[in-house]
Amino acid sequence: MALSAAKCPSSSAARLSLGHPSLRSSTLLRPFPNSSALARRVPSRSFKNWNLNVVCKQEAGAVPASSSAEEAPSKNVENGGLFGLSSEEYGNAIGLDASERESTVSITVVGASGDLAKKKIFPALFALYYEDCLPKHFTIFGYARSKMTDAELRTMVSKTLTCRIDKRENCSEKMEQFLNRCFYHSGQYDSEQNFAELDKKLKEHEGGRLPNRLFYLSIPPNIFIDVVKSASQSSSSKDGWTRVIVEKPFGRDSQSSAALTRGLKQYLEEDQIFRIDHYLGKELVENLSILRFSNLVFEPLWSRQYIRNVQLIFSEDFGTEGRGGYFDNYGIIRDIMQNHLLQILALFAMETPVSMDAEDIRNEKVKVLRSMKPLQLEDVVIGQYKSHTKGGVTYPGYTDDKTVPKGSLTPTFAAAALFIDNARWDGVPFLMKAGKALHTRRTEIRVQFRHVPGNLYKRSFGTDLDRATNELVIRVQPNEAIYLKINNKIPGLGMRLDRSNLNLLYASRYSKEIPDAYERLLLDAIEGERRLFIRSDELDAAWELFTPLLRELEEKKIAPELYPYGSRGPVGAHYLAANYNVRWGDLSASETT
Ligand code: NDP
Ligand code: BG6
């Protein structure tokens, strides 16, 4: 039985209310500096309007999504002949103040011709549309330098849209409606004039409603500031909110990250910046806090007293194919550990927040990050995959990629032992492992508990008491699951024990398909919910932890240990774990099948 009725299934809509303190503050944000005064004159209204407009399909008495025709600019012109007025003028003309006007959200995907936009952003927006999670009035614009017509954008986008397995009904009809609300504008990233043209088109579609604007920067980081500058001058919302989603990487180290933050803050307030770490939008990462804080059986065990070690494991069974150029400048520590795994660690290890409000959670996460012991070189192992032939197929090595410089020392694998210097976690190793071109694709959190003191059944486990300890596994992907390894008596007249799993396999328990992380995060950004986005002090703390190590690895030109494509990674990772009396849980006999 569901504990509470969700509105939009992947959304935070259900947990939001108009009186919510974090939301009240979010509505005070400045769009871009040039429109701040207007924004401050409409405190809490843009959000209020938005909240009244978003109603998901699942909710009783749901408002049906508007048809594409309803959104067409021509209709807005017909509606009142008010096309061309600013939304404020429009409101005044029809005798409404801002609080009474309907709002609209325009989502501009900057870098719309790119890989991420096609693969993740447009499909996530469509999924939200299908679920009726987007507001009644919305428009999507693609923006990039490539020349494309609206029709060409729609054809490109349509190739990657899919309906969920459990949502086939009216799929093609819904796709068509969605595509009709997608438009394209070609422009340079540093051209205020091109963004002013975009602004004009956005206004046409906004049709005098209170305009809220979301920009998704799906572009290489070296042009983030150009875009933010041009957009802020020429296409920010004048009287609604303006928010900007920024994709990683957020710099390469403390210095470049601080420079990026400074650059963004020339044009944006911190609460307009939504730094995305899509791992925070994954269902099982989102579930971590629920598991821990709403089940009496876990929270009392969540400390050094009962937990022996925690493992955060990311592995992919493919290499950097196609992204070698990007990857070589970053490496696996920056690509996965400093953000995805460290964010999971902070969420896992934080103290109980005062509430589930964004700032309360982010305050606790940042305390964890700031309590971490500096990373030592001897606590890190790095590797790089090499070519391997298996079953007659030759898999390329990392440096075989033409976009990767010969002799590159960039790690494609890393393992590290980290420690949190606080009362809860003192001495508990948090082991991280991340690698590309390994034998399997898997992301999981493993919590290995201590031995049972004076275990009555220890003889049943021979000399290897580790085999008898409980282990909680949160498998983030694939085949999402949470299972707890326990000791159990094998049924029969004898007294033999085995290890069994109390298993919550999502595919068996829930018939619904799990939403992609980008869906949740996009919806949160539209709703102004910041909980799953990275605050600048979190980012600083994360870089402070990894920057000295990265510098040392690079200055000393430490050579990565080579491992064959498709293998279990460098042997060094086992020695590292063994130094702390730990065995990697994913490599135990029961887990490798
Ligand atoms: P792309 O390299 O595909 O770039 C996106 C678009 O930006 C391109 O279509 C191109 O559009 C424009 N562009 C590319 N290079 C340049 C350049 N040097 N100068 C100006 N414009 C350029 O990136 P992705 O779509 O793969 O990723 C977008 C962002 O998301 C990046 O920051 C990336 O690191 C991050 N990211 C990507 C992931 C992925 O899976 N792809 C995963 C996680 C993060 P046009 O030429 O039409 O202007
Ligand atoms: C991205 C990394 O952030 O996450 C990629 O840049 C990686 O290298 C990807 O492949 C993994 O994301 P997911 O959601 O497919 O596990």
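This is a short walk through a predicted model, its two ligands and a few local features.

Some ground rules. Residues count from 1 along each chain as its sequence is written, while chains are lettered from A and ligands numbered from 1 in the order in which they are written. As the model is predicted, local features need pLDDT of at least 70 and side-chain atom pairs count only at pLDDT 80 or more, with totals for chains, interfaces and linings using all residues; side-chain values use heavy atoms, leaving out hydrogens and water.

Let's start with ligand 1. How many residues surround ligand 1? There are 20, and the closest are Ser113, Leu116, Ser146, Tyr189 and Ile219. To count, a residue needs a heavy atom within 4 Å of the ligand. By type, the shell holds nine nonpolar, five polar and six charged residues. Here Ala, Val, Leu, Ile, Met, Phe, Trp, Tyr, Cys and Pro are nonpolar, Asp, Glu, Lys and Arg are charged, and the others, Gly among them, are polar. Which helix gives the largest share of this shell? Helix α7, residues 115–130, with three residues. Helices and strands are DSSP runs, numbered from the N terminus: H or I for helices, at least four residues, and E for strands, at least two.

Now the polar atoms around ligand 1. Asp115 places a polar side-chain atom 2.8 Å from a nitrogen of the ligand. Backbone atoms take part too. A polar backbone atom of Gly114 is 3.1 Å from an oxygen atom of ligand 1. For Ile219, a polar backbone atom is 2.8 Å from an oxygen atom of ligand 1. On its own, ligand 1 exposes 860 Å², and the protein buries 75% of that. Those areas come from the Shrake-Rupley method with a 1.4 Å probe; for residues, only the protein chains shown count as cover.

On to ligand 2. Its shell is Lys248, His278, Tyr279, Lys282, Glu316, Arg323, Tyr326, Asp335, His340, Lys436 and Gln477. That divides into two nonpolar, three polar and six charged residues. Three side chains put a polar atom by an oxygen of ligand 2. Tyr279 does so at 2.4 Å. Gln477 does so at 2.7 Å, and His278 at 2.8 Å. Alone, ligand 2 exposes 400 Å²; the protein buries 83% of that.

Stay with Tyr279 a moment. The charged end of Lys282 sits over the Tyr279 ring, 4.6 Å from its centre. The test is NZ of Lys or CZ of Arg within 6 Å of the ring centre and within 35 degrees of the ring normal. Lys174 does likewise over the face of Tyr129, at 4.9 Å from the ring centre.

Two residues of the ligand 2 shell, Lys248 and Gln477, also lead into cis peptide bonds. Lys248 is joined to Pro249 with omega about 5°. Pro249 lies in the loop between β5 (242–246) and α12 (254–265). Gln477 is joined to Pro478 with omega near -15°. Pro478 lies in the loop between β14 (471–477) and β15 (481–489).

Next, aromatics. The whole structure has 23 aromatic pairs. Rings of Phe, Tyr and Trp (its six-membered ring) pair when their centres lie within 6.5 Å; planes under 30 degrees apart are stacked, over 60 edge-to-face, the rest tilted. Phe126 and Tyr130 form an edge-to-face pair, 6.2 Å centre to centre, with 80° between the planes. Both lie in helix α7, four residues apart, about one turn of the helix. Is Phe126 buried or exposed? Buried, because its relative accessibility is 0%. Tyr130 is at 6%, so it counts as buried too. The cut-offs are under 20% for buried, over 50% for exposed, and partly exposed in between (1.4 Å probe, protein chains only). Elsewhere, Phe327, Tyr385, Tyr395, Tyr398, Phe413, Tyr563 and Tyr565 form one aromatic cluster.

Last, two backbone oddities and one contact. Asp132 is not a glycine, yet its phi is positive, about 60°. Asp132 lies in the loop between α7 and β2 (138–144). Ala437 also has a positive phi, near 55°. Ala437 is in the loop between β12 (430–435) and β13, and is buried because its relative accessibility is 0%. Strand β13 (residues 442–449) holds Glu444. The side chains of Glu444 and Arg446 make a polar contact of 2.7 Å. Such a contact is a pair of N or O atoms within 3.5 Å; within protein, one must be able to donate a hydrogen and the other to accept it, and residues adjacent in sequence count only if both atoms are side-chain atoms.
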